[in-house]
Amino acid sequence: MFDQGSGEVVPFPGGDDAPRPRVLAIANQKGGVGKTTTAINLGTALAATGEEVLVIDLDPQGNASTGLGIDHKSREVSTYDVLTGEALLRTIIRDTAVPRLAIAPSTLDLAGLELEIGQERDRAFRLRDAVTALNADPTEPPFTYVLVDCPPSLNLLTINAMTAADAILVPLQCEFFALEGLSQLLKTVDQVKSSLNPELTIHGIVLTMYDARNNLSGQVVADVREFMGEKVYETVIPRNVRVSEAPSYGKPVLVYDLKCAGSEAYLRLATEVIQREKRLTERLAG
Ligand SMILES: Nc1ncnc2c1ncn2[C@@H]1O[C@H](COP(=O)(O)OP(=O)(O)OP(=O)(O)O)[C@@H](O)[C@H]1O
Ligand SMILES: [Mg+2]
């Protein structure tokens, strides 16, 4: 950027100087395992601790947008426009009812993105570049966390999320086939790491929809802990009817019913995420 006053070239604030948020991609190619519920409620819990949080809806279904109170009709611009290069991420962001929590909504046309940009050389880097410019305007409070809600697929959208991310957070449903597909997901993470994003790590695995009355749930928790060890968060999200009711009111469960078991679990998960973040940054610092 050219400063007219001094006549010197100064770094554009959107360049390397802009504060970068921590970017967590919430991914699992299996459908219905709790990705969107985790994006909404972990986002709400992080915002409640004082973080500035952006949820990016990268699923054409748009469930994260609906669940945060943005109805389909009101979505004029979306993550589709960002990924096709028609809009800056900042310009599509909407406030939610939760202080410090914003959403970049999606629309159905995101489903056609692969056809649209599938041949472009930078197709896997579109989200990363958008996020790099997110905090460019020094007059806006910088986002400290970005949570990307991925679609149930390992397609170009999920690859964009993994390329933009510092780490992946994997929700696994407590059901018989929980581990099925996990090795494919981990393989994809390794491929992205070796070709597109060398710093990528697995932040953690969160077990969702745990049912204490069902022996199988307990067995799944034990199996996943044995297989994935410390990567699995201590917090297990219980199956809780309040969690499933909240989206139809366009609210996070933490707003719909703060005291229910689901809300308490998501608050504990946020505490764990922050603790892991601290450990990671300490390790990086030396
Ligand atoms: N802890 C929970 N207790 C009860 N219901 C839950 C819980 N977590 C998620 N659900 C419900 O399970 C369904 C699937 O959850 P969610 O939409 O978060 O999964 P997803 O992985 O995002 O799905 P998709 O792959 O379709 O995007 C939803 O109806 C949601 O309300
Ligand atoms: Mg979803």
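In these legends, Ala, Val, Leu, Ile, Met, Phe, Trp, Tyr, Cys and Pro are called nonpolar, Asp, Glu, Lys and Arg are called charged, and the others, Gly among them, are called polar. All views show a predicted model.

**View 1. The largest cavity and the residues that line it.** The structure holds 1 cavity of 30 Å³ or more. The volume of the largest cavity is about 40 Å³. Its lining is made up of L68, T96, A97, V98, G250, K251, P252 and V255. By class, this lining has 5 nonpolar residues, 2 polar residues and 1 charged residue. Lysine is counted as charged and glycine as polar, so K251 and G250 in the lining fall into these two classes.

**View 2. Ligand 1 and the residues around it.** There are 18 residues around ligand 1, and those that come nearest are K35, T36, T37, P238 and N240. Three pairs of atoms can be picked out in this view. An oxygen atom of ligand 1 lies 3.0 Å from a backbone N or O atom of V33. For T36, a polar side-chain atom is found 2.8 Å from an oxygen atom of the ligand. In N240, a polar backbone atom is 2.9 Å from a nitrogen atom of ligand 1. On its own, ligand 1 has 620 Å² of accessible area, of which the protein covers 81%.

**View 3. The largest pocket, with a volume of about 480 Å³.** The pocket is lined by 30 residues, and G34, K35, T36, T37 and M209 are the closest to its centre. Helices and strands both contribute: α1 (35–48), α2 (63–67), β7, β8 (232–238) and α10 (241–245) each supply at least two lining residues. The largest share, 5 residues, comes from α1. By class, the lining of this pocket has 13 nonpolar, 12 polar and 5 charged residues. Two of the residues closest to the pocket centre, K35 and T36, are also among those that come nearest to ligand 1.

**View 4. The second largest pocket and its lining.** The space in this pocket is about 330 Å³. Its lining has 13 residues, and those nearest its centre are H203, E230, R276, R279 and R283. At least two lining residues come from each of β7, β8 and α12 (261–285). Helix α12 gives the largest share, with 6 residues. The lining divides into 3 nonpolar, 3 polar and 7 charged residues. Glu and Arg count as charged, so E230, R276, R279 and R283 belong to that class.

**View 5. The backbone at R100 and M209, two residues with a positive phi.** Most residues other than glycine have a negative phi. R100 is not a glycine, yet its phi is positive, at about 70 degrees. R100 sits in the loop between β3 (94–95) and β4 (101–104). With a relative accessibility of 36%, R100 is partly exposed. M209 is not a glycine either, and its positive phi is about 55 degrees. Unlike a loop residue, M209 lies in a strand, β7 (residues 201–210). The relative accessible area of M209 is 21%, so this residue counts as partly exposed. M209 also appears in View 3, among the residues closest to the centre of the largest pocket.

**View 6. T107 and its polar contact with S78.** T107 is placed in the loop between β4 and α5 (113–117). Is T107 buried or exposed? Its relative accessibility is 16%, and buried means under 20%, so T107 counts as buried. The side chains of T107 and S78 are joined by a polar contact of 2.7 Å.

**View 7. D137 with T139 and A18.** D137 is found in the loop between α6 (126–132) and β5 (145–149). At 33% relative accessibility, D137 is partly exposed. A polar contact of 2.6 Å links the side chain of D137 to that of T139. Which residue, 119 residues apart from D137 along the chain, has its C-alpha atom 8.1 Å from that of D137? That residue is A18.

Conventions:
Residues numbered from 1 in each chain as written. Chains lettered and ligands numbered in written order. Predicted model: local features only at pLDDT ≥ 70, side-chain atom pairs only at ≥ 80, totals over all residues. Heavy atoms only, no water. 1 Å grid on protein atoms, 1.4 Å probe; cavity = no way out; pocket = protein on both sides within 12 Å on 5 of 7 lines; lining within 4 Å. Points joined across faces, edges and corners; volume = space filled by probe spheres on them. Helix = DSSP H or I, 4+ residues; strand = E, 2+ residues; numbered from the N terminus. Buried < 20%, exposed > 50% of the residue type's maximum accessible area, 1.4 Å probe, protein only. Near = heavy atom within 4 Å. Polar contact = N/O pair within 3.5 Å; in protein donor to acceptor, adjacent residues only side chain to side chain. Areas by Shrake-Rupley, 256 points an atom, 1.4 Å probe, with all protein chains shown as cover.
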